[in-house]
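Reader: I'd like to learn how to read a model like this one, feature by feature. Could you walk me through it?

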2 protein chains.
Amino acid sequence: MMRVAVLGTGLIGTSVALALRERGASVWLADTDQEAARLAAHLGAGELLPEDAGPASWVPADVAVIAVPPSAVADTLAAAQARALAACYTDVASVKQLPVEQARARGCDMASYVPGHPLAGREKHGPAAARADLFLGRTWALCPEPETSEQAVAAVTALAAGCGAVPLRIAAAAHDRWVALVSHAPHLVAAAMAARLESAPPQALDLAGQGLRDVTRIAAGDIALWTQILAANAGPVAEVLAAVAADLAEAARMLSDGDPKSVATLLDQGQAGVARIPGKHGGEPREFTVVQVVIPDQPGELTRLFDAAGQAGVNIEDVRIEHSPGLPVGVAELSVRPAEAGPLLDALEAGGWPVRR
Amino acid sequence: MMRVAVLGTGLIGTSVALALRERGASVWLADTDQEAARLAAHLGAGELLPEDAGPASWVPADVAVIAVPPSAVADTLAAAQARALAACYTDVASVKQLPVEQARARGCDMASYVPGHPLAGREKHGPAAARADLFLGRTWALCPEPETSEQAVAAVTALAAGCGAVPLRIAAAAHDRWVALVSHAPHLVAAAMAARLESAPPQALDLAGQGLRDVTRIAAGDIALWTQILAANAGPVAEVLAAVAADLAEAARMLSDGDPKSVATLLDQGQAGVARIPGKHGGEPREFTVVQVVIPDQPGELTRLFDAAGQAGVNIEDVRIEHSPGLPVGVAELSVRPAEAGPLLDALEAGGWPVRR
C-alpha cells in the first residue's frame with residue numbers, strides 16, 4: 001500500500017490524491033491555502049498532513065507529489081526535503097527545465113527528485129474541480145536528471161501508472177520544447193483568436209458555432225498560472241508563435257491579393273498536422289459504431305432503451321444525448337463495437353424506437 | 001405538408017432533407033453526382049427528383065434548397081428557376097455577398113430567392129455524414145435582399161424552423177463580416193496551429209492532450225470547399241487574420257524579451273472573449289448538475305443504473321461515459337437538474353454504486 005504526501009491541493013494535486021485513494025493508497029494533504037487542503041480532504045482525497053510532520057514525528061511517505069505552480073516547485077521541494085517528508089519527490093509543473101535549475105541552485109537533493117508532468121487538465125481549477133479519472137490513459141512525462149536514482153524513478157513511475165496514466169521518459173529540454181508546440185503555443189493561439197471576440201457586437205456572436213467554441217475553449221484557463229508557464233518556457237513558445245504568426249500574416253496578405261492558392265497549402269498542412277495527433281486516450285483508437293435513436297425526454301425512457309440493449313447482450317460503450325430546447329425529444333448516440341450494431345438496431349426497432357440504419 | 005426540392009445532397013443538403021422528412025415533408029433530391037443523390041435517397045432523405053422535372057411535368061415545390069459550394073449557387077439557382085422547380089429558393093453557402101452578386105448578374109429572379117446559411121457542420125462531408133439533428137438549436141441566417149418577397153422569406157423561415165434551427169435575419173454584408181470573425185478566420189487559425197505539427201517528431205505528439213485536439217479539430221475539414229469559402233470572403237477574413245497574426249507576433253517578441261506582462265493581457269482578452277460565446281444551443285444555457293458514478297464495463301450495468309434513476313423519478317438529461325483502456329470499469333457522468341442531484345445520489349448509493357458527493 002503506497003503512502004503519498006500531496007503538497008498543493010489544486011486541480012492536479014487533488015486529482016492525483018483521489019486517483020491514488022481509489023487504488024487504496026494512504027494520502028496526506030497540505031496546501032499553503034489551508035481552506036483548499038481542508039476541501040480536498042472533505043472530498044475524500046486523504047487526510048491533512050500534520051503541521052509538525054518532520055524527522056522526529058513522521059515516517060517518510062514513499063512519494064511526495066509537489067503540485068504547485070512552476071516557480072514555487074524548488075522552494076516547496078527544499079522545504080519538504082528538509083522535513084524528510086518522503087523517500088522521493090516529484091512535481092507536476094508544465095515546464096521542467098526551470099524547476100530543475102532552481103532546485104539544483106537551491107541545493108536540493110537531486111537523487112530523490114524525479115521531475116514530472118501529467119498531460120491532463122481542465123479549464124476549471126481548484127480542488128472542487130478535481131477528478132479521480134483525470135489521468136486515465138493520458139501521458140505522464142518523467143524527466144529524470146543524471147543524478148536521479150533509478151529507485152526514485154521506479155517509485156514515481158508506479159505512482160503515475162497507479163493514476164491510470166502512461167509514463168513517458170523524456171529529457172527535460174525535449175519536454176519543454178515539445179510542450180511548447182503541443183500545449184503552450186496552442187493556448188496563446190486560442191487566446192489570440194478569442195481576444196478578437198471581446199469587442200464584437202452581439203449579432204456576431206449569434207453566428208458562433210461549435211467550431212469557434214472548440215478553437216477557443218482552452219483560453220478560459222487560469223491566467224496567472226498560464227502567464228507563469230509561458231514565461232518559464234518563453235524561448236520555445238516564442239519560436240512556435242512566431243511561425244504561426246508568419247503563416248497567418250502571409251495568409252492574410254494572399255487573401256487580400258486575391259491569391260487563395262497559398263491558403264489551400266496552409267489548409268493542406270493543417271489537415272496533415274491534425275491527422276498526426278493520436279486518439280483521445282493515446283495509443284490505438286478503439287473503433288466504435290454509432291447508432292442514433294430518437295428518445296422522448298422523460299424519466300424511464302433511457303432505462304427502457306438500455307434494458308432492450310442489455311437483453312440483446314449488447315454493451316453500450318458510450319452514450320451522448322443531444323436535446324433541443326423546447327422539443328420533447330432528444331437524440332441518443334450509442335457507441336458499440338461494430339459487430340454489435342446490427343443486434344442493437346434490431347432490438348431498438350423491436351422496442352418501437354425510430355432508428356436510422 | 002411542405003414540398004421541398006434539395007439540389008445538392010452533400011452533408012448539409014442531405015441533413016436538411018432528413019430533418020424535414022422527420023417533420024413529414026415530401027422531399028425530392030438531385031445532385032450533379034448521381035451516386036450522391038442515390039445514396040441520400042437510400043438513407044431515407046427523399047426520392048430522386050425526376051430528370052425531366054420542368055414546367056410541363058412538375059408541380060413546383062414550396063422551396064428549393066440549393067446546397068452546393070458558394071461559387072455554384074448562382075448557376076444552380078438560374079437553372080432551377082428556368083425549370084420552375086419551386087415557388088421560392090434558398091441556398092446554404094457560408095458566404096452570402098458572392099452568390100447574391102452572381103445571381104443578380106446572371107439575371108436570376110431575386111424576389112423568390114432568400115439567401116441563407118445554417119450555422120452547422122461537421123468535419124466529415126458527403127451524404128453519409130448527414131444527420132437529421134444537425135441544425136437543432138443552431139442559428140440559421142437569412143439574408144433577404146431589398147427585392148426578396150416577404151412570402152419567400154416566410155416560407156424559408158418556416159423551413160429553417162422545421163429543421164429545428166433558430167432563424168436570424170441579417171444583411172448579407174453583416175453576415176459575411178461576422179462569419180469571417182466567428183467561423184472563417186478561426187478555421188485558418190486552427191490550420192496554422194495544426195500545420196506546425198506536420199514535421200514534429202512522434203515524441204512531441206505523445207505529449208498532445210485534449211486542448212490541442214480541440215484547438216485544431218476543425219482544420220480537418222474539406223479543403224477545396226474551405227479554400228472557396230475563404231476566397232469568397234477574403235477581405236473580412238484577411239482583416240481578422242492580420243490582427244491575430246499581429247497579436248501573436250507581439251506575444252512572441254515579448255516572450256523573447258522576457259516581458260510576459262503583455263502575454264497576460266492577451267490571455268485576459270482571450271478569457272473575456274470566450275465568456276461572450278453563447279452556450280451550445282444558443283440562448284440561455286441550461287444549468288445541469290453532473291453526478292459521477294463508477295460502473296463496471298459489462299452489459300446490463302447501465303440498465304440497472306438508469307432503472308434506479310427512473311424509479312427515483314429522476315430524468316437524466318445527458319450521459320457521458322469515459323472508459324480507460326484495459327480497465328474493467330468506466331466513469332459515467334450523469335447530468336440532471338440541480339434539484340434532482342440529491343435524489344439521484346441517494347438512489348445510486350442505495351443501489352451499491354460508488355458515487356462522489
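Reader: Let's start with a single side chain: is D259(B) buried, partly exposed or exposed?

Author: First, a caveat: this is a predicted model. As for your residue, D259(B) counts as partly exposed, because its relative accessibility is 25% and the partly exposed class runs between 20% and 50%.

Reader: And which residue forms a salt bridge with D259(B)?

Author: The general idea is that side chains of opposite charge can pair when their charged atoms come close. Here the partner of D259(B) is K261(B), with 3.6 Å between the closest N and O atoms. K261(B) has 65% relative accessibility, so this lysine counts as exposed.

Reader: How many salt bridges does the structure hold over all chains?

Author: There are 22 over all chains. Some share partners: R104(A), E145(A) and E147(A) are joined into one network that way.

Reader: Which side chain meets R217(A) in a salt bridge?

Author: That's D214(B), at 2.5 Å from N to O. D214(B) belongs to helix α8 (residues 210-216) of chain B, while R217(A) is in the loop between α8 (210-216) and α9 (223-232) of chain A, so this pair joins two chains. Check the accessibility too: D214(B) is buried, with a relative accessible area of 12%, whereas R217(A) counts as partly exposed at 21%. The line between those classes is drawn at 20%.

Reader: What about E250(A) and R253(A): where do they lie?

Author: Both are in helix α10 (residues 234-256) of chain A, three residues apart, or about one turn of the helix. They form a salt bridge, and the closest N and O atoms are 3.1 Å apart. E250(A) counts as partly exposed at 30% relative accessibility, and R253(A) gets that label at 46%.

Reader: On to aromatics. How many aromatic pairs turn up over all chains?

Author: A pair of aromatic rings is described by the distance of the centres and the angle of the planes. A search of the whole structure gives four pairs over all chains. Take W28(A) and W58(A): the ring centres are 5.2 Å apart and the planes stand at 85°, so the pair is edge-to-face. W28(A) sits in strand β2 (residues 26-30) of chain A, and W58(A) in the loop between β3 (47-48) and β4 (61-66) of chain A, so the contact ties together parts that are 30 residues apart in sequence. Both tryptophans are buried.

Reader: Why is the pair of F135(A) and W140(A) called tilted?

Author: Because the planes of F135(A) and W140(A) are at 45°, with the centres 5.2 Å apart, and tilted covers angles that are neither under 30 degrees nor over 60. Both residues are buried: F135(A) has a relative accessible area of 1%, and W140(A) has 0%.

Reader: Back to W58(A): which residue has its charged end over that ring?

Author: R3(A) does, 5.8 Å from the ring centre. In chain B, R3(B) lies over the face of W58(B), also at 5.8 Å from the centre.

Reader: Next, sheets. In what order do the three strands of the open sheet in chain B run?

Author: Strands of a sheet pair through backbone hydrogen bonds, either parallel or antiparallel. In this sheet of chain B the order is β7-β8-β9, with mixed pairing. The edges are β7 (116-118) and β9 (166-169) of chain B, each pairing on one side only. Neighbouring strands are turned by 20° against each other on average, direction ignored. To follow one pairing, look at β8 (residues 139-142) of chain B: four bridges join it to β9(B), and the two run parallel. W140(B), for one, has P167(B) in β9(B) as its bridge partner.

Reader: And helices: where does α6 (residues 172-195) of chain B bend?

Author: At A180(B), by about 55°. α6(B) is also mostly covered, as 21 of its 24 residues are buried.

Reader: Let's zoom out. How many helices and strands are there in chain A?

Author: Chain A has 13 helices and twelve strands. Its C-alpha trace spans about 70 × 60 × 35 Å along the principal axes, and of its 357 residues, 55% are buried.

Conventions: Residues are numbered from 1 along each chain as its sequence is written. Chains are lettered from A and ligands numbered from 1 in the order in which they are written. This is a predicted model: local features need pLDDT of at least 70, side-chain atom pairs count only at pLDDT 80 or more; totals for chains, interfaces and linings use all residues. Side-chain values use heavy atoms; hydrogens and water are left out. The bend at a residue is the angle between axes fitted to the seven residues ending there and the seven starting there. Buried means under 20% relative accessible area, exposed over 50%, partly exposed in between (1.4 Å probe, protein chains only). Two strands pair if DSSP finds at least two bridges between them. Axes are lines fitted to C-alpha atoms, for helices over the stretch in contact, and angles run from 0 to 180 degrees between N-to-C directions. Rings of Phe, Tyr and Trp (its six-membered ring) pair if their centres lie within 6.5 Å; planes under 30 degrees apart count as stacked, over 60 as edge-to-face and the rest as tilted. A charge sits over a ring if NZ of Lys or CZ of Arg is within 6 Å of the ring centre and within 35 degrees of the ring normal. A salt bridge is a side-chain nitrogen of Lys or Arg within 4 Å of a carboxyl oxygen of Asp or Glu.
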